[in-house]
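Reader: I have a chain open here and would like to go through it with you. Can we start with the crosslinks and then move on to the sheet and the core?

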Amino acid sequence: VQLQASGGGLVQAGGSLRLSCVASGRTLDMFVMAWFRQAPGKERDFVAYIDYSGESTYYSESVKGRFTISRDNANNMGYLQMNSLKPEDTAVYYCATVGRSLPSDRAMANGENYAYWGQGTLVTVSS
């Protein structure tokens with residue numbers, strides 16, 4: 001599975017961006033998906049998770065209520081809608097996927113459980 005993330009850019013605080021992640025090589029209908037981010041000089045952090053069907057989602061506390069993860073299995077796409085952006089959201093955002101279910105919130109948030117990663121897209125939020 002190859003993942004390609006896009007949609008990053010420069011936005012003012014309070015603005016919105018929509019990240020996209022397109023998959024190739026396999027259909028994603030049996031893969032869970034997630035977004036992670038890594039700010040300069042910091043470790044990679046979990047952002048959001050979505051299950052196979054799109055019916056179950058999980059968010060980090062820092063983005064809950066502002067970000068929405070979704071997917072379009074018919075087109076092998078994943079999305080992250082980011083609203084009310086803050087300067088602390090500035091980071092490289094990565095999409096990730098794995099072909100199995102993850103049994104707990106802790107497992108969903110652990111990057112080591114994901115087998116495939118996109119190359120990242122930079123989001124910069126100015127104050």
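Reader: How many disulfides does the count come to?

Author: The count comes to one disulfide. Keep in mind that this is a predicted model.

Reader: Which cysteines form the disulfide, and how far apart are their sulfur atoms?

Author: Cysteine 21 and cysteine 95, with the sulfur atoms 2.1 Å apart. That is within the 2.5 Å cut-off for a disulfide.

Reader: Which parts does the pair tie together?

Author: Cysteine 21 belongs to strand 3 (residues 17-24) and cysteine 95 to strand 9 (residues 91-98), so the link joins parts 74 residues apart in sequence.

Reader: Is the link of cysteine 21 and cysteine 95 right-handed or left-handed?

Author: Right-handed, with 70° about the S-S bond.

Reader: And cysteine 21, buried or exposed?

Author: Buried: the relative accessible area of cysteine 21 is 0%. Cysteine 95 also counts as buried, at 0% relative accessibility.

Reader: Switching to the sheet. In what order do the four strands of the open sheet come?

Author: The order is 1-3-8-7, and the pairing is antiparallel.

Reader: Which strands stand at the edges?

Author: Strand 1 (2-6) and strand 7 (67-72). Each has a single partner strand, so one side of each has no neighbour in the sheet.

Reader: What does the twist average from one strand to the next?

Author: It averages 15°.

Reader: Over how many bridges do strand 1 and strand 3 pair?

Author: Five bridges, in the antiparallel sense. In that pairing, leucine 3 stands opposite alanine 23 of strand 3.

Reader: Now the core. Which residues in the largest nonpolar core touch the most other members?

Author: Trp35, Val47, Phe67, Leu80, Met82 and Tyr93, out of 28 residues in that core.

Reader: Which strands each supply at least two residues of this core?

Author: Strands 1, 3, 4 (32-38), 5 (44-50), 7, 8 (77-82), 9 and 11 (121-126). Strand 3 gives the most, with four residues.

Reader: What is tyrosine 93 in contact with, leaving aside its neighbours within four places in sequence?

Author: Its contacts include Trp35, Val47, Phe67, Leu80 and Met82. Ala5, Leu19 and Arg37 are also among them, as are Gly120, Thr121 and Val123.

Reader: What lies apart from the largest core?

Author: Another core, of 11 residues, among them Ala34, Ala96, Ala107 and Tyr114.

Terms used
Residues numbered from 1 in each chain as written. Predicted model: local features only at pLDDT ≥ 70, side-chain atom pairs only at ≥ 80, totals over all residues. Heavy atoms only, no water. Buried < 20%, exposed > 50% of the residue type's maximum accessible area, 1.4 Å probe, protein only. Pairing = 2+ DSSP bridges. Axes fitted to C-alpha atoms, helices over the stretch in contact; angles between N-to-C directions. Core = buried A, V, L, I, M, F, W, Y, C linked by side-chain atoms within 4.5 Å. Contact = heavy atoms within 4.5 Å.
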